[in-house]
Amino acid sequence: MLDRFRITGRSLVVAVLTAVLTMAGLAVPSPAGAAVTRAQLALRWAPIHYQDVDATGSHALSGRSDYLTKVDFDGDWNGRNNWDRAGQSGVSFAAHAYYSVVETGTHWYLTYLFFHPRDWTDHPFFETEHENDGEGVLLVVERDGSDYGVLRAAITVAHTDFYSYTPGGSTWTSGRESVDGTLRLQSSPHDGFTHPVTAQEAKGHGLKAHPQYDINGDGIVYYPAATAETPSSGDDRDVRYALIDIHAAGGLWAQRANTSLFASVGTFAGDDSGDCGDGTYDCTTNSANAPWGWDDGNDLPGRGQLATDPAKVAVEYFTIPGTLSRTYTYNPYTS
């Protein structure tokens with residue numbers, strides 16, 4: 001009778017938790033003993049994301065130029081019209097981010113891309129702007145036998161530089177590169193998990209761990225969820241964003257040979273049409289990158305390897321106790 005009561009009680013707890021997660025808009029995790037899907041893993045560790053917003057000047061679009069959105073937010077896969085289309089009616093600023101999962105026997109590598117249609121400025125001298133902007137973060141999760149593993153480290157992309165972080169209690173320390181700070185974790189009101197916290201600056205959208213970048217005045221706090229919301233204004237502190245698999249059928253990776261979207265391997269196509277560059281120093285072309293084009297030229301890993309060969313990047317950036325396999329059991333960038 002006691003064992004039967006325990007089983008019944010456990011079932012009740014699982015049922016209650018499932019209902020809570022469903023109402024919160026989060027995909028329900030697999031039950032104990034069932035494999036967690038890559039989509040569930042990506043959602044579990046997706047960052048709570050602080051986005052600074054600047055509404056100054058016409059290129060800001062009243063703050064919308066700092067909103068997260070899809071690459072095809074305007075309904076097409078043409079990267080050369082995104083600057084202009086961002087300022088037109090009928091386009092969507094529903095919040096999305098892209099992800100990929102790469103696996104070895106010892107670790108999961110989760111890459112997240114945050115996209116903006118404009119990298120912009122309101123300064124007239126010595127600063128440039130450009131069409132499209134793609135920056136992001138790599139999270140490294142150790143496979144310790146639990147459903148979602150243990151978060152060990154992060155590397156963020158801020159323009160042409162990478163920055164490395166470890167959460168409190170991580171066993172990873174500096175390697176060839178010094179650890180740049182602590183990766184803060186924060187509980188989400190939408191799912192009850194603690195998530196890493198990242199932040200992007202306004203205008204240029206460099207990305208670091210919060211609070212190395214932070215909201216300064218107006219800003220948006222984005223929370224990962226199963227649904228995508230559009231900010232009510234440039235100062236909305238609770239906006240849910242949805243994830244899109246980079247390797248989904250017909251998606252971003254599938255478009256990599258589309259010359260309307262990519263000017264070269266991993267580099268978004270962008271021109272200087274419309275008012276890009278007006279009142280500023282210049283509008284540069286073909287200046288934003290997808291994850292397989294991210295590069296820190298001062299560091300040893302090659303262009304794109306943050307996403308395509310993340311185990312190599314991890315062993316270069318960090319000193320890692322224990323075992324880290326370099327053999328990929330799943331890598332959609334090379335399959």
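Two strands count as paired if DSSP finds at least two bridges between them. Keep that in mind as you explore this predicted model.

**Stop 1: the whole chain**

Start by showing everything as a cartoon. You are looking at five helices and 19 strands. The radius of gyration is 20 Å, close to the 20 Å that the globule rule gives for 335 residues, so the chain is as compact as a globular protein of that length. Along the principal axes, the C-alpha atoms fill a box of roughly 75 × 40 × 35 Å. Now try colouring by burial: 54% of the 335 residues count as buried.

**Stop 2: strand 4**

Select residues 128-142, which make up strand 4. Is this strand enclosed or open? Here 13 of the 15 residues are buried, so strand 4 is largely enclosed by the rest of the structure.

Next, look at its neighbours. Add strand 3, residues 107-119; it pairs with strand 4 in the antiparallel sense over twelve bridges. To see one of these partnerships, show Leu-110 and its bridge partner in strand 4, Leu-139.

Then add strand 5, residues 150-158. Strands 4 and 5 are also antiparallel, with six bridges between them. Pick out Val-141 and you will find Leu-151 of strand 5 standing opposite.

Strand 16 (residues 282-284) runs parallel to strand 4, and three bridges join the two. Show His-130 to find Thr-284 of strand 16 opposite.

What holds such neighbours together? Strands of a sheet pair through backbone hydrogen bonds, either parallel or antiparallel.

**Stop 3: the nonpolar cores**

Switch to side chains. The largest nonpolar core has 37 residues, and Trp-45, Leu-110, Tyr-112, Leu-139 and Leu-243 have the most contacts inside it. Among the elements giving two or more residues to this core are helix 2 (38-45), strand 12 (219-224) and strand 13 (236-245), together with strands 3, 4 and 5 from the previous stop.

Now choose a second colour for a separate core of 33 residues, which includes Tyr-98, Leu-138, Trp-294 and Leu-306.

**Stop 4: a three-stranded sheet**

Finish with an open sheet of three strands in the order 14-15-17, paired antiparallel. Which strands lie at the edges? They are strand 14 (262-264) and strand 17 (288-289), each pairing on one side only. Select strand 15 (residues 267-268) to see its two bridges to strand 17. For a last close-up, show Thr-267 with its bridge partner in strand 17, Asn-289.

Definitions and conventions:
Residues numbered from 1 in each chain as written. Predicted model: local features only at pLDDT ≥ 70, side-chain atom pairs only at ≥ 80, totals over all residues. Heavy atoms only, no water. Helix = DSSP H or I, 4+ residues; strand = E, 2+ residues; numbered from the N terminus. Core = buried A, V, L, I, M, F, W, Y, C linked by side-chain atoms within 4.5 Å. Buried < 20%, exposed > 50% of the residue type's maximum accessible area, 1.4 Å probe, protein only. Rg over C-alpha atoms; globule rule 2.2 N^0.38 Å.
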